[in-house]
Amino acid sequence: MPKSTRRRCDAHLPFREATRDRAIRAGELAKYLRRNRCKNWPIRGSKRCRLHGGFSTGPRTAEGKARTVAAMVEGRRRLLESLKGEGKPVPWGRKRGGVNRSAAERQLAQATKQHARARRDLKALNSLTRRRQRRQAREVVKREVARLLAEHEEERRQLRFPPLSPEQREAVTEGFRRRVAV
Ligand SMILES: [Zn+2]
């Protein structure tokens with residue numbers, strides 16, 4: 001079944017102050033405003049429900065239509081004037097960001113995200129717990145290598161082989177280390 005394209009009335013409802021204040025404290029004002037809308041079905045042939053102007057016909061006489069247009073023009077004029085007074089640019093064109101991001105902006109955002117992830121991973125890797133774990137692992141390897149070396153030297157003594165020279169000893173230790181570390 002295709003999803004219905006029928007929309008709810010969606011008119012803004014008056015604020016319930018306690019709810020709004022709670023939303024502000026939770027940092028969720030935008031969510032509250034988005035959800036505080038009328039959920040009635042609209043009147044057929046209108047976008048609004050019976051409580052929110054669904055029966056309104058809008059201006060009908062030529063004079064009424066002219067007043068509406070005049071009010072729109074006046075509102076736009078006031079907006080431009082106030083923007084000019086504040087030295088702000090007149091907004092125009094597509095909105096920035098979101099689906100209108102350029103390829104370069106997308107790439108940069110992705111790289112920033114990857115960088116942040118890498119930083120987070122590195123931080124976790126260098127955390128105290130991990131450092132302690134690695135130190136303990138190194139100790140275990142060291143002890144095991146020492147034990148193997150002692151065993152090896154004991155065997156040589158029993159077989160009446162000459163004791164290891166310092167270089168031989170180093171080579172044998174390195175071999176054990178490699179075996180234990182795997
Ligand atoms: Zn409504």
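Me: What is the average pLDDT of the protein chain, and what share of the residues score at least 70?

Reply: This is a predicted model, and pLDDT is the predictor's confidence in each residue. The protein chain averages a pLDDT of 91, with 98% of the residues at 70 or above.

Me: Where in the protein chain is confidence lowest, and where is it highest?

Reply: The low end is helix H6, with a mean of 86, and the high end is helix H3, with 96.

Me: How many helices and how many strands does the protein chain have?

Reply: There are six helices and zero strands. Along the sequence the pattern reads α-α-α-α-α-α.

Me: Which domains does the domain assignment give?

Reply: The assignment divides off domain 1, residues 8-55, and domain 2, residues 104-181. Their centres, taken over C-alpha atoms, are separated by 63 Å.

Me: What does the radius of gyration of the protein chain say when set against a compact globule?

Reply: A compact globule of 182 residues would come out near 16 Å, but the protein chain has 38 Å. The box filled by its C-alpha atoms, along the principal axes, is roughly 120 × 40 × 40 Å.

Me: What percentage of the residues in the protein chain is buried?

Reply: A residue counts as buried if 20 or more other C-beta atoms lie within 10 Å of its own, and as exposed if 12 or fewer do. Buried residues are 2% of the 182 in the protein chain.

Me: What share of the contacts between residues at least 6 apart in sequence join residues at least 24 apart?

Reply: In the protein chain that share is 51%.

Me: How does the reach of helix H3 agree with what is expected at 1.5 Å a residue?

Reply: The general idea comes before the case. An α-helix has 3.6 residues a turn, so residues three or four places apart point the same way. Helix H3 covers residues 62-85, which is 24 residues. From its first C-alpha to its last it reaches 35 Å, close to the expected 34 Å.

Me: What span should helix H6 have, and what span does it have?

Reply: Helix H6 runs over residues 166-181, and its 16 residues should span 22 Å at 1.5 Å a residue. Its end C-alpha atoms are 22 Å apart, which agrees.

Me: Are the residues of H3 buried or in the open?

Reply: The number buried among the 24 residues of H3 is zero, so H3 lies largely in the open. The case of H6 reads likewise: zero of its 16 residues are buried, so H6 too lies largely in the open. H1 is hardly covered, with a buried count of zero among its nine residues.

Me: Which residue of H1 can serve as an example?

Reply: Asp-21 is found in helix H1. It is partly exposed, because 13 other C-beta atoms lie within 10 Å. Asp-21 and Lys-31 are ten residues apart in sequence, and their C-alpha atoms are 13 Å apart in space.

Me: Where is Ala-104, and is it buried or exposed?

Reply: Ala-104 is in helix H4, residues 103-125. It has 8 other C-beta atoms within 10 Å, so it is exposed. Ala-104 stands 13 residues from Pro-91 in sequence and 23 Å from it in space, C-alpha to C-alpha.

Me: What does Pro-59 touch?

Reply: Leaving aside residues up to four places away in sequence, Pro-59 touches Gly-64, Lys-65, Arg-67 and Thr-68. Pro-59 lies in the loop between helix H2 (29-35) and H3. It counts as partly exposed because it has 13 C-beta neighbours inside 10 Å.

Me: What is the sign of phi in most residues other than glycine?

Reply: Most of them have a negative phi. Asp-10 is not a glycine, yet its phi is positive, about 70°. Asp-10 sits in the segment before helix H1 (17-25). With 14 other C-beta atoms within 10 Å, Asp-10 is partly exposed.

Me: What is the phi of Arg-160, and where does this residue lie?

Reply: The phi of Arg-160 is positive, near 60°, in a residue other than glycine. Arg-160 is in the loop between helix H5 (128-158) and H6. It is exposed, since 6 other C-beta atoms lie within 10 Å.

Me: Which glycine follows H3, and which comes just after H1?

Reply: Gly-87 follows H3, with a positive phi near 70°. Just after H1 comes Gly-27, whose phi is also positive, about 70°.

Notes: Residues are numbered from 1 along each chain as its sequence is written. This is a predicted model: local features need pLDDT of at least 70, side-chain atom pairs count only at pLDDT 80 or more; totals for chains, interfaces and linings use all residues. Domain bounds come from an automatic or database domain assignment. Helices (H or I, at least four residues) and strands (E, at least two) are DSSP runs, numbered from the N terminus. The expected span of a helix is 1.5 Å times one less than its number of residues. The radius of gyration is taken over C-alpha atoms; the globule rule is 2.2 Å times the number of residues to the power 0.38. Two residues are in contact if their C-beta atoms, placed from the backbone, lie within 7 Å. pLDDT is the predictor's confidence in each residue, from 0 to 100.
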